[in-house]
Amino acid sequence: MSEEKIQEILSQIQDPFLKKDLVSLGFVKKISLNGKKLSLSLGSSGIDNTKTENEIRKLFKEQAPDTELAEITFSAGITEHKNPKKTEIFPGVKNTIAVSSGKGGVGKSTIAANLAVALASKGFKTGLIDADIYGPSIPLMFGINEKPKVQVKDGKNKLVPVEKYGVKIMSIGFLMDMNTAVVWRGPMASSALRQFMSDVVWGELDVLFFDMPPGTGDIQLTLSQTVPLTGAVIVTTPQEISLADARKGYIMFDRVKVPTLGIIENMSYYLKPGGEKEYIFGKEGGRKMAGEFKTKLLGEIPINTKIRVSGDEGKPVVLNNPELEESVIFNGIADELITEINIANTNRTGNSEVVIEI
Ligand code: ADP
């Protein structure tokens, strides 16, 4: 039984949700063949694994009767954003996601940090680029005091991202004094970012997050055009003033043909000790915005001191207080995000229409 034959059989099986075959989705994770005994480790969108398993067993019985199909294990599968520009810039990176917000202080970095850690703890290979020139807070939120090391690769000096909590991290804050960040101009930010893309040994990653500078000015527009993005997530608080800016963010990404994978509403409410919700910044603004743009509301995150303290202590809340309701919400958002990435990637038929000009 050749690996080719196994792949050929698996190429006849469709993921029931994404409606594409397991091979072209990149969901064949591991094939272990020991004599006649075969074990498979497969990716899945999480829908109806039993049905998929039954189909696989039936096909192997018919088309490879000599093989003993022992174990089939499923785990969350992630597809690749196929884009020639991305392959050129980030050869081993499957997806790049911008975490963006219309204004500062709404929790964009907190969300980028927690989503990155949540995905890493689910077994995804995850990276995070802190591109927030106005306030690179990722080193603080991850408790990183060291600088990236330099490695010589193919005769060139390359930076090695700092790894913490399973996430590979590069930050604008590593390259400069925090206090000077704010005087950076667009070209400097773009060139630093370009360096993060071409001069860093990222290796293989399923998802690389970009913690973007807040707003929708020239800097943000340039960055969204420079990075070949799978999609963006927009962070907002529920009140109108934040939503108005978040809407501009959606429109900016739309202009450069980057799909918005969803909205995350932060500081949605405060959970009082009795369990009652207090809507400090208004109610359901993120939900309304998602409805308006026909995009997904990925989740609503309450205000909780533990989120702020965890950030300040350098350990994102999903690791610091995993049992907390807010951590459960972050994990749920991470799952939803994978689904939205997969939908976006499978909808790009031919993958040619979302090529971004640099
Ligand atoms: P941004 O990246 O949008 O500027 P940050 O992620 O730096 O925002 O968050 C600003 C401040 O608010 C930080 O001190 C952070 O810890 C805190 N914060 C963010 N989200 C929450 C939340 N849901 N509950 C409590 N504090 C939060």
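**Exercise 1. Describe how domain 1 and domain 2 sit relative to each other.**

*Solution.* Start with the spacing: the centres of domain 1 and domain 2, taken over C-alpha atoms, are 34 Å apart. The model is predicted. Next, fix the bounds. The domain assignment places domain 1 at 3-76 and domain 2 at 84-347. Then count the residues that touch. Contact here means heavy atoms within 4.5 Å. By that cut-off, 6 residues of domain 1 meet 5 residues of domain 2.

**Exercise 2. Find how much area is buried between the domains, and which three residues of domain 1 supply the most.**

*Solution.* Take the total first. About 470 Å² is buried between domain 1 and domain 2. Carbon and sulfur atoms give 72% of that area. Now look at the domain 1 side. Phe17, Leu18 and Ala76 supply 64% of what domain 1 buries against domain 2, more than any other three residues.

**Exercise 3. List the polar contacts of the ligand with Ser109, Asn266 and Asn304, then say how far the protein covers the ligand.**

*Solution.* Begin with oxygen. An oxygen atom of the ligand lies 2.8 Å from a backbone N or O atom of Ser109. Turn to nitrogen. The side chain of Asn266 places an N or O atom 2.9 Å from a ligand nitrogen atom. A polar backbone atom of Asn304 is 3.0 Å from a nitrogen atom of the ligand. Finish with coverage. On its own the ligand has 560 Å² of accessible area, and the protein covers 81% of it.

**Exercise 4. Work out which elements and residue classes form the shell around the ligand.**

*Solution.* Helix H4 (108-121), strand S12 (260-271), strand S14 (297-303) and helix H11 (305-313) each give two or more residues. H4 gives the most, with 3 residues. Sort by class: 6 nonpolar, 7 polar and 2 charged. Of the 15 residues around the ligand, Gly105, Lys108, Ser109, Thr110 and Pro302 come nearest.

Methods: Residues are numbered from 1 along each chain as its sequence is written. This is a predicted model: local features need pLDDT of at least 70, side-chain atom pairs count only at pLDDT 80 or more; totals for chains, interfaces and linings use all residues. Side-chain values use heavy atoms; hydrogens and water are left out. A residue is near a molecule or strand if one of its heavy atoms lies within 4 Å of it. A polar contact is a pair of N or O atoms within 3.5 Å; within protein, one must be able to donate a hydrogen and the other to accept it, and residues adjacent in sequence count only if both atoms are side-chain atoms. Accessible areas come from the Shrake-Rupley method with a 1.4 Å probe; for residues, only the protein chains shown count as cover. Helices (H or I, at least four residues) and strands (E, at least two) are DSSP runs, numbered from the N terminus. Ala, Val, Leu, Ile, Met, Phe, Trp, Tyr, Cys and Pro count as nonpolar, Asp, Glu, Lys and Arg as charged, and the others, Gly among them, as polar. Domain bounds come from an automatic or database domain assignment. Buried area is the accessible area (1.4 Å probe) that two parts lose on being put together, summed over both.
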